[in-house]
Amino acid sequence: MKLLMNERRADITIQPFTIHVAQSTLDDLRERLARTRWPDEVQGTGWDYGTNLEYLKALVAYWHHQFDWRAQEARLNQFVQFRTEIDGFGIHFIHERGQGPRPLPLLLTHGWPGSFFEMVKVIPLLTDPAGHGGDPADSFDVIAPSLPGFGFSDRPTVRGVTTTKTAEWWARLMTDVLGYVRFAAAGGDIGAGVTQRLALAHPDRLVGIHLTYLGSTSAHTEPPDRSEAEQRYLHALQQWSLQEGAYARLQSTKPQTLAYGLNDSPVGLAAWITEKFRTWSDCDGEVERRFSKDELLTNIMLYWVTETIPSSVRIYFENAHASSPLQPGQHIEVPAGVALFPKEISLPPREWAERSLRVQRWTPMPRGGHFAALEEPELLVEDLRAFFRPLRASR
């Protein structure tokens with residue numbers, strides 16, 4: 001049974017939500033952009049030292065003089081949004097109903113430095129396949145929440161809000177708040193971690209999980225029988241960590257120190273996030289081959305106007321100081337689909353994934369990177385439809 005949005009279940013209430021940022025916040029942003037104190041840089045180094053000065057100046061000039069937040073706000077408000085409280089903590093989420101004979105509920109979880117904005121291209125394709133050249137039998141009810149400490153969800157003020165805690169809240173959101181008995185789940189980056197933890201803790205509720213990212217799993221980082229492909233994968237992870245992982249180390253150890261600069265400087269925030277969108281996407285070094293300035297800035301604005309960059313980076317600290325939910329020998333038995341986009345941070349071999357997952361679909365993608373839903377929405381949706389199609393009857 002699905003609950004209507006104006007119903008109340010136990011002590012849980014659901015309120016419709018509309019984004020409206022105060023004009024004073026936008027005015028303050030414009031003033032800060034106008035007063036930017038730019039650093040120098042070593043000439044001719046491009047992006048070698050980090051975010052390129054010339055590109056960032058162009059992006060900020062567009063932000064200051066041309067970017068229309070109200071237009072982006074109106075675009076986001078075309079999606080049906082709500083807020084609810086679970087254990088006294090406010091959660092923001094999109095809930096779009098599928099247009100088909102029996103839509104499958106699908107929980108989509110974003111990552112960092114993304115937001116629920118990552119899902120805006122795939123939601124119409126998932127909810128209304130017939131309207132986009134597909135089969136109406138493949139329709140989904142899409143639930144796309146903002147992670148705790150991100151966007152319009154509340155900011156944690158206590159320790160321990162990890163991906164495992166988030167998975168428990170998501171289970172309650174889907175079952176206690178929205179009334180779904182069984183559902184599907186998918187995600188990348190942090191969202192992939194939440195999805196796996198959800199399947200581990202509540203296998204009876206999940207018909208299947210779909211992942212675009214795996215990373216390393218602490219429960220089997222040193223298996224005694226590693227294949228050559230697994231050894232190459234772990235070596236590549238180690239090299240990536242040395243070359244690109246400083247952000248994660250800082251966010252895992254001293255997130256509060258970082259927070260002061262990023263929360264106070266919109267240009268600093270833009271530099272921190274944009275560099276990741278360039279490095280982690282399939283853009284050949286030209287970030288706007290994959291993301292327009294409007295897309296980059298809309299995502300950045302969701303951190304700026306809510307002041308959630310400090311709370312978003314703290315999840316790295318929380319996860320780093322939490323024990324792994326998956327112990328050696330444990331296995332997630334929920335059917336899993338994995339789509340590997342070639343410019344993803346890490347590309348594990350299938351045998352690595354099968355150490356912890358019941359892999360039923362393994363799809364090497366022809367193009368795309370870490371932000372799959374924004375970069376290659378059609379490819380991702382095609383794989384989601386194909387993976388979940390035979391699992392729909394198990395609801």
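**Exercise 1. About how many helical turns separate Arg-32 and Asp-28 in helix 1?**

Solution. The model used here is predicted.
- Step 1. Arg-32 and Asp-28 are four residues apart in helix 1.
- Step 2. That spacing means a separation of about one helical turn.
- Step 3. Now look at the side chains. Arg-32 forms a salt bridge with Asp-28, and the closest N and O atoms are 2.7 Å apart.
- Step 4. Check exposure. Arg-32 has 24% relative accessibility, so Arg-32 counts as partly exposed. Asp-28, at 29%, also counts as partly exposed.

**Exercise 2. Place Asp-48 in the chain, then decide: is Asp-48 buried or exposed?**

Solution.
- Step 1. Find the element. Asp-48 sits in the loop between helix 1 (23-34) and helix 2 (53-65).
- Step 2. Take the relative accessible area, which is 68% for Asp-48.
- Step 3. Apply the cut-off. Exposed means over 50%, so Asp-48 is exposed.
- Step 4. Compare sequence with space. Asp-48 and Leu-59 are 11 residues apart in sequence, and their C-alpha atoms are 18 Å apart.

**Exercise 3. Trace two salt bridges that link separate parts of the chain. Which elements hold Glu-295 and Lys-121?**

Solution.
- Step 1. Start with the total. The structure holds 21 salt bridges.
- Step 2. Take Asp-154 and Arg-83. Their closest N and O atoms are 3.1 Å apart in a salt bridge. Asp-154 is in the loop between strand 5 and helix 5 (163-177), Arg-83 is in strand 2 (residues 81-86), and the pair links distant parts of the chain, 71 residues apart.
- Step 3. Check both for exposure. Asp-154 is partly exposed at 24% relative accessibility, and Arg-83 is partly exposed at 23%.
- Step 4. Take Glu-295 and Lys-121. This salt bridge has its closest N and O atoms 3.0 Å apart. Glu-295 lies in helix 11 (residues 293-304) and Lys-121 in the loop between strand 4 and helix 4 (122-127), so the pair ties together parts 174 residues apart in sequence.
- Step 5. Check exposure again. Glu-295 has 13% relative accessibility and counts as buried. Lys-121 has 25% and counts as partly exposed.
- Step 6. Add the network. Asp-282, Arg-290, Arg-367, Glu-375 and Glu-376 are joined by salt bridges that share partners.

**Exercise 4. Classify the ring pair of Phe-140 and Phe-388. At what angle do their planes lie?**

Solution.
- Step 1. Count first. There are 18 aromatic pairs.
- Step 2. Phe-140 and Phe-388 have ring centres 6.0 Å apart and planes at 75°, so the pair is edge-to-face.
- Step 3. Locate the partners. Phe-140 lies in strand 5 (residues 140-145) and Phe-388 in helix 15, so the pair ties together parts 248 residues apart in sequence.
- Step 4. Both Phe-140 and Phe-388 are buried.
- Step 5. Look over the ring. Arg-392 lies over the face of Phe-140, 4.5 Å from the ring centre.

**Exercise 5. Describe the largest cavity. Which residues lie nearest its centre?**

Solution.
- Step 1. Three cavities of 30 Å³ or more are present.
- Step 2. The largest cavity has a volume of about 180 Å³.
- Step 3. Its lining has 20 residues, and Met-119, Gly-187, Gly-188, Thr-212 and Leu-380 lie nearest the centre.
- Step 4. Strand 4 (104-109), strand 6 (183-187), helix 14 (372-375) and helix 15 (377-388) each give two or more residues to this lining.
- Step 5. Sort the lining residues: 10 are nonpolar, eight polar and two charged.

Methods. Residues numbered from 1 in each chain as written. Predicted model: local features only at pLDDT ≥ 70, side-chain atom pairs only at ≥ 80, totals over all residues. Heavy atoms only, no water. Buried < 20%, exposed > 50% of the residue type's maximum accessible area, 1.4 Å probe, protein only. 1 Å grid on protein atoms, 1.4 Å probe; cavity = no way out; pocket = protein on both sides within 12 Å on 5 of 7 lines; lining within 4 Å. Points joined across faces, edges and corners; volume = space filled by probe spheres on them. Nonpolar A, V, L, I, M, F, W, Y, C, P; charged D, E, K, R; others polar. Phe/Tyr/Trp six-rings, centres within 6.5 Å; stacked < 30°, edge-to-face > 60°. Lys NZ or Arg CZ within 6 Å of the ring centre and 35° of its normal. Salt bridge = Lys/Arg side-chain N within 4 Å of Asp/Glu carboxyl O.
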